[in-house]
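Welcome to this tour. Open your viewer, get your selection tool ready, and follow along one stop at a time.

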Amino acid sequence: MFIKKISLLNKFLIILFFILSINNSKAEFFKDISNIIDSNESRLSYGVSVTDTNMDGNYEFVVTGFGYSNLALTYVEGKLKNIIKEDIFLDQSRKTIGVAACDIDKDGFEEIYFLNTDTYSGIKKYSDRLIDKKNNNYFDLFELKKNKENLNLTAGRSVVCVDRKGDGQYGIYVANYGGPTRFYEIKNKKIIDQAENLNLNKVTGGRAVVSGHILTDRADIFAANERGANFLLKNIDGKFKDVAFDYRVDDEIQNGRGTALSDIFYRGRLDILSGNWLGYHRAYVLENNEFKDIGNTEFDKPSRIRTVISADFDNDGFDEVFMNNIAEPNKMFRIKNNGKFEEIKLEAGLEADGFGTGAAVADIDNDGILELLISHGESKAQPLTLYKAKVEKKSKYLRIKPINKFGAPARGATVTLISNKRKHSKTIDAGSGYLCQMEPVAHYGIRKNEKDFRVEIKWTNGKINFIDKIELNQTITINQK
Amino acid sequence: MKNNLFKYFLILAFLFQIDTFAEERNYHKELITDWSRIFPDKNRNAAGPKFFKYIIDKKITYKDFIEFNKLYCAVSGSLIDPRSDSEFLFVKESKTNNKICGNYYRCCVPCSCDVMKYSEVQKMRYEFTDGLQEFYVITIKNPCNKSDFPNRVNKDYFCEGKNINSKQVYNLNNRIVIGLLHNGRSCKNSDIDLVKSHQVTGEYCELRNNTPLEQLDAGMGDIFIKLAR
């Protein structure tokens, strides 16, 4: 009898231990593949963008250098190698911090905006660069005589591309710090600052900025600021109205950092993730014309946050949120159904001693799995790091690449995957994270037993196209008509 | 035995799930989120009363009320770090002139001195969602008649003409409630000795409270004092 009782007790303890083990399991999420980065020396870097710098159909990671060279890292022969050597691009003497790329002159090539900052706030010495390419040569549009009257000589942080009229002509919102926000567009072949005309020329401590279909069928803007309220800029016929207070995302006394658009409820709309420096991180979801913060206590825990990325790294069909902290371990959460944030314990990618300053995702090697590139710097020079999630062998993916009518990535468009399991929207990234910009592709991992796929593309003008008859494990390019 | 073990297992599994999913209310985060609602003009100088009114107008339990009231300084209007300790001090009760001892959550030590010298406490009864409770609140007299109302304080928060603006702040017997005295009770002699011998509430406050107003440069300086004296 006694032995029988012991046996039952043992069974009970074993089951209990098993349950606890499942709940606390730490299967390694990432593998560190930084060894494929060629000439990866310690450096001070900040923002990272993903764009096709040489128009060969493959994307490069464009990594800024703060007193170091800007880089354009492409995947070639199993390595990530810098492919641009021209001085105007490398620009080692300037201190580049923010970067975003988009087609501002409607020629299909994405111009690259490098935001330089040589002072913390207010007036700076060296202006920004807007890199274009002609006859296979890179040049700075701001160095043309006609554009010199509109240089940005205010310290800034992030930049985002905004197709405010939905006509495929991008403007660039420059989140300045201690001076007015700028909004650059090309008009009559000349760069002009439209910020005042568009109600955008506010002075704040600009930090992060995203743009996409947040409130309307046009490009709205969310700007996370420091020492001042955030902006939620609703697009009204191409002009903007700040509705952050009304929608409860002003977060007046916190200091904004990394931000990203994410479909937190898998319900077919973009909501907002917003990290705050040593403050509560937000997971804003829109309900009844107000954003409600649904982040749980693990997610919102204050940290030295920089970049925030929402992406499906492990192709399981659920997005992860990567939180890059500087001089503090990084964090990762999986967004489960109903907006539940489940922490994924990192080992690779934890970077407890990392001085992370920027990060971006792209399927740089075209294998259907995203790579995460992290830049470091600020107070300590460190090499770049690169991670790839460990995915299940049977995992599947689908990548949607919308191209606008001028042949450029349709940044700011929204792609929605509709299936028996979800209605999952993703933005074609116009600029996000913090100082950064992701690849202009909607990357979906596929869930178990998921079927009946349909894809909706909402272009920057609000018009919608569908893709049916979908084969998985491919990148589908869809062109705007 | 087998049945019992199964029951234990179910109970443990249930408790484990509760532990996993339970979310405690984050009072500090709520105040941060609503800060721009509490202070629409962004001026929180000496605006502890705005916090108190905002909190008591919520439909909350008594426990929630206590926790919220630990998170702002009634004197300065500053938010307080949730990990902050309180100061044990006494304040005169308006009705009896007796000393009431209790805990005061402050942003910095001068505010403890100011609350001891320039405010009074009153007993207040209030019906929370979980029942009627009685507690001591810290009050200042109606400042709306003052010719020297401090210009760095938003007068509209406090006053409607010469009257207390009851829509914006809590009016208790024609005094403005600026905050809660936690664990308030009549002082024992030993409590008074403790307060008077304390480095802050004794030595430092004696020095501060005997310093001419124009020479004060710590804490809220003279803003709260001008409002409350």
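Two strands are said to pair if DSSP finds at least two bridges between them. Keep that in mind, and remember also that this is a predicted model.

**Stop 1: a pair of strands**

Select residues 371-376 and 385-389 of chain A, which are strands β27 and β28. They pair in the antiparallel sense over 4 bridges. Now pick out A:Leu373: which residue is its bridge partner in β28(A)? The partner is A:Leu386.

Widen the selection to see the open sheet around this pair. Its 4 strands come in the order β1-β28-β27-β26 of chain A, and the pairing is antiparallel. Which strands form the edges? They are β1 (30-32) and β26 (356-362) of chain A, and each of these pairs on one side only. Going from one strand to the next, the twist averages 25°.

**Stop 2: chain A as a whole**

Zoom out and colour chain A by secondary structure. How many helices and strands are there? Chain A has 2 helices and 35 strands. Its radius of gyration is 22 Å, close to the 23 Å that the globule rule gives for 481 residues, so chain A is as compact as a globular protein of that length. Along the principal axes, its C-alpha atoms fill a box of roughly 95 × 45 × 45 Å.

Two further numbers help to describe the chain. Of its 481 residues, 53% count as buried. Among contacts in chain A with a separation of 6 or more, 56% are between residues 24 or more positions apart.

**Stop 3: the nonpolar cores**

Next, select A:Phe61, A:Val159, A:Val160, A:Ile172, A:Tyr173, A:Ile221 and A:Ala360. These are the residues with the most contacts inside the largest nonpolar core, which has 112 residues. The element that gives the most to this core is β6(A), with 5 residues.

Centre the view on A:Ile221. Not counting residues up to four places away in sequence, A:Ile221 touches A:Val160, A:Val162, A:Tyr173, A:Val209, A:Ser211, A:Phe231, A:Leu233 and A:Phe240.

Another core, of 55 residues, lies apart from the one you have just visited. To find it, select B:Phe52, B:Leu71, B:Tyr136 and B:Ile140, which are among its members.

**Stop 4: an enclosed strand**

Return to chain A and select residues 320-325, which make up strand β23. All 6 of the 6 residues are buried, so β23 is largely enclosed by the rest of the structure. Look at its two faces in turn. A:Glu320, A:Phe322 and A:Asn324 are on one side, A:Val321, A:Met323 and A:Asn325 are on the other, and all of them are buried.

Now add the partners of β23(A):

- Strand β22 (residues 305-311) of chain A pairs with β23(A) in the antiparallel sense over 5 bridges. Here A:Val308 stands opposite A:Met323.
- Strand β24 (residues 331-335) of chain A runs antiparallel to β23(A), and 4 bridges join them. Here A:Phe333 in β24(A) is the bridge partner of A:Val321.

The hairpin of β23(A) and β24(A) has 5 residues between the strands, and A:Ala327 takes a positive phi near 55° in this hairpin.

**Stop 5: A:Phe341**

Select A:Phe341, which sits in strand β25 (residues 341-343) of chain A. Is A:Phe341 buried or exposed? It is buried, because 20 other C-beta atoms lie within 10 Å, and 20 or more is the cut-off for buried. Leaving aside neighbours within four places in sequence, the contacts of A:Phe341 are A:Ala283, A:Gly295, A:Asn296, A:Glu298, A:Phe299, A:Phe333 and A:Ile335. You met A:Phe333 at the previous stop, as the partner of A:Val321.

Try your distance tool too: A:Phe341 and A:Leu144 are 197 residues apart in sequence and 49 Å apart in space, C-alpha to C-alpha.

**Stop 6: two loop residues**

Select A:Lys106, in the loop between β6 (96-102) and β7 (111-116) of chain A. A:Lys106 is not a glycine, yet has a positive phi of about 60°. With 16 C-beta neighbours inside 10 Å, A:Lys106 counts as partly exposed.

Then go to A:Asn473, in the loop between β34 (464-467) and β35 (474-479) of chain A. A:Asn473 also has a positive phi of about 60° without being a glycine. A:Asn473 counts as exposed, because it has 11 C-beta neighbours inside 10 Å.

**Last stop: confidence**

Finally, colour the model by pLDDT. Chain B has a mean pLDDT of 89, and 88% of its residues reach 70 or more. For the complex, the predictor gives an ipTM of 0.87 and a pTM of 0.91. Where pLDDT is low, the predicted coordinates should not be read in detail.

Key. Residues numbered from 1 in each chain as written. Chains lettered and ligands numbered in written order. Predicted model: local features only at pLDDT ≥ 70, side-chain atom pairs only at ≥ 80, totals over all residues. Buried ≥ 20, exposed ≤ 12 C-beta atoms within 10 Å, placed from the backbone. Rg over C-alpha atoms; globule rule 2.2 N^0.38 Å. Contact = placed C-beta atoms within 7 Å. Core = buried A, V, L, I, M, F, W, Y, C linked by C-beta atoms within 7 Å. pLDDT = per-residue confidence, 0-100. Axes fitted to C-alpha atoms, helices over the stretch in contact; angles between N-to-C directions.
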